[in-house]
Every structure is written in C-alpha cells, then in structure tokens.
Amino acid sequence: MTNTPQAAGRASMKKELPERFKDYKNVWVFVEIERGKVHPVSWELMGEGRKLADRLGVQLYAVVLGPKTPETKQAIRESYHYGADVCLICEDPALADYRNAPYTEILTDLVNKHKPEILLLGATPLGRDLAGSVATTLQTGLTADSTELRIDDDNSLAATRPTFGGTLLCTIHTLNFRPQMATVRPRVFGMPKPDTSRAGRMIWEQLRMKEEDIVTKVLEFVADATTNKANLAYADIVVAGGMGLKNEANFRLVKRLAQVLGAEYGCSRPVVQKGWMPAERQIGQTGNTIRPRLYIAAGISGAIQHRVGVEGADLILAINTDPSAKIFEFAHLGIVADALTVLPALADAFERRLGARKMAS
C-alpha cells in the first residue's frame, strides 16, 4: 500500500517558524485613547495579556500613542497599574485624533523595530480599523473578535472566535508569521484589579510622518448627540428578549422590567433581523458582549453566538417554554414558562419590593 499525504488540519501544517521571526518575543497591548480617555477594553486586554506574557515567560508592553498631554501621561501610569512591564510611547500632535495613516505608520514602525510576538487590540471601531491596516502592512495574520486567547503547547497563540454566523467556534493559529495579532470585543474579559504600586520602563519613539504628509484632516469634532444609545457592555443588569416574545409589541414587557430594575434592555440577533429592535441592542458575539451582575433572558433559545456574548455574567436567569432550550445548559437559574406571563409578574414583584425598600429608607 502506498501512503499518500492527506490534509490533517493543523497537525499537517509546518510549525517551524521562519528564521527572520525567531527573535520576536513579548506581548503587546495597544492602549486606545480617544479624546483623552482610555477605552476600558485596553485594561481588560492588559489583564489577559499579563496572563499570556507570564505563560511565555516574557514581558508585557503597553503601546501608548497620543499628543503630549496630561491625559497621555495618565494613560502611561495606568498601563503599569494594569500589568505592563514596559511602555512604548509616541507623543506627537499628529496623534491627537485617530487617523488611520499616522497610527498605522507608527505602530508598524514599532513592530518592525521591537518585534513583538503577540499584538492585541480592542475590537472597537478604532481598534478594528487600525488592526486591519497594521496586519495588512505587516503581512501577518489577524484573528478578529476573539472570545478566548491562550498559549498552545508549542507556545503559539491560539485565538478562538465564532464562525459560520456564530453557529460554531473555531481556534485560529498564526504559525508562520509574526506578530500574532488578535482583536477582542469589550467585556469579553474581566477588568483586572489595578496595582497602583507598579511602575516600569519607558521607551520613547518618534513619528516619522509629518502633518503635511497626512491626507486626512480633522476639521471638527462633533460629539454623539444620541441620548438613547445603549450602554449594554458596561451595564450591571440587563434584560433581553428573543423570538419567544412572538412580536415587536411584546418587547414593552422587557423594557418595563428593565426600567423597574434600573437596567439596560437588549435582544437576540433574530429580533434585530426581524427589525423589532435596533442593532445597538443586539446581545451576543455578533452584537454586544456583556458581563453584568444579573442577566435576564426571556424567550431566547441560547445559540452559541449568544452564549459567547453573555457567559461572563455573574448570574443568568433564563425564561423559556422549551425545557430543552440550549440556554438552560449555561444559565444559572431557569424558569420553564411563558415569558409573556413571567415578565410582567417579575416587574410587579420587583416594583413592590423596591418601592417598599425606598419607603423604609
């Protein structure tokens, strides 16, 4: 019998890293700053980056880009508090507002000079734009919207993300190129506890690109005036509804319970696809990833992309008429009943309880 080579997944792939990449080491986290404020996802990634760096026995770098302001200095200090050993810093007026060209230029230059093994960015509008540009410029792999990061047995980064419309999870490896890049949505990882006693080394770099070389100009900053914008990712309590609520009108029950609890409200992906709720209210890996103290899911089946987006919650209460619904596999508490009956009953009960507590105080 003649043995013929067959594709055997990752086992058949070449694992030997090309010589030019063998001196790449350390884990980097891009610290996202907009209008002087650090996006919380940067510190969430710093906590996860600390674990990866410790597993590899290397240092954790924070990449801080921005204008020379007190806010940038504060971001540098906080980078150490959240786990960084080293800060790579570029302060330049051209970095005051995010523009793709100068940010891609400086981050690419930093990678080529200092050679990180892993580079992590938040899967925010800014982070996605920058990560795609840098990965393309460096001709390396990028795993977008990762839900899990770990170091494999051969010390490569294993980044897991949903695929096929959120029905499956796949783990992606960048075997033959460096850095290994990944973006992660806000709230996928928990916020690490800061250690204000920590400090570290600073490395200062310069932006080669001059303002006159940058085609895009910032003429004016217009703040988002939307007052009803969802803040699901950082809510302590979230109430959400799915197709089990049967029609758009019944989502008033979700909104009422959320109002009574002082919570945010949301929905599953099919509800958005039906046009019953706006996309900003969608919960799940393809919507908002949440980590509330309490999550109430009414009439939601619990598809894998929804599970990935909510399993960081401290307490999940599921309400569904189907006792075999997948959501009961990961919910902490379950009620097998019609959400159209349970939601108003819960709202009434909480209203009485919270009202009595308010009167007593």
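**Close-up views of a parallel sheet and of helix H3**

**View 1. An open sheet of five strands.** In this predicted model, five strands are arranged as an open sheet in the order S14-S13-S15-S16-S17, and their pairing is parallel. Strand S14 (264-267) and strand S17 (333-336) are the edge strands, each of them pairing on one side only. From one strand to the next, the twist averages 15 degrees. As a general point, strands of a sheet pair through backbone hydrogen bonds, and such pairing is either parallel or antiparallel.

**View 2. The pairing of strands S13 and S14.** Strand S13 (residues 237-241) and S14 run parallel and are joined by four bridges. Within this pairing, Val238 stands opposite Glu264, a residue of S14.

**View 3. Helix H5 against the sheet.** Helix H5 (residues 251-261) lies across S13, S14 and strand S15 (294-298), and its direction is at about 170 degrees to that of S13.

**View 4. Helix H3 and its surroundings.** Helix H3 (residues 100-114) consists of 15 residues and reaches 21 Å from its first C-alpha to its last, which is close to the 21 Å expected at 1.5 Å a residue. The buried residues of H3 are Pro102, Tyr103, Thr104, Ile106, Leu107, Thr108, Leu110 and Val111. What covers these buried residues includes strand S1 (27-31), strand S4 (60-66), strand S5 (86-91) and strand S6 (118-122), together with helix H4 (125-138).

**View 5. The residue that follows helix H3.** Lys115 follows H3, and the phi of Lys115 is positive, near 60 degrees.

Key: Residues numbered from 1 in each chain as written. Predicted model: local features only at pLDDT ≥ 70, side-chain atom pairs only at ≥ 80, totals over all residues. Heavy atoms only, no water. Helix = DSSP H or I, 4+ residues; strand = E, 2+ residues; numbered from the N terminus. Expected span 1.5 Å × (residues − 1). Buried < 20%, exposed > 50% of the residue type's maximum accessible area, 1.4 Å probe, protein only. Contact = heavy atoms within 4.5 Å. Pairing = 2+ DSSP bridges. Axes fitted to C-alpha atoms, helices over the stretch in contact; angles between N-to-C directions.
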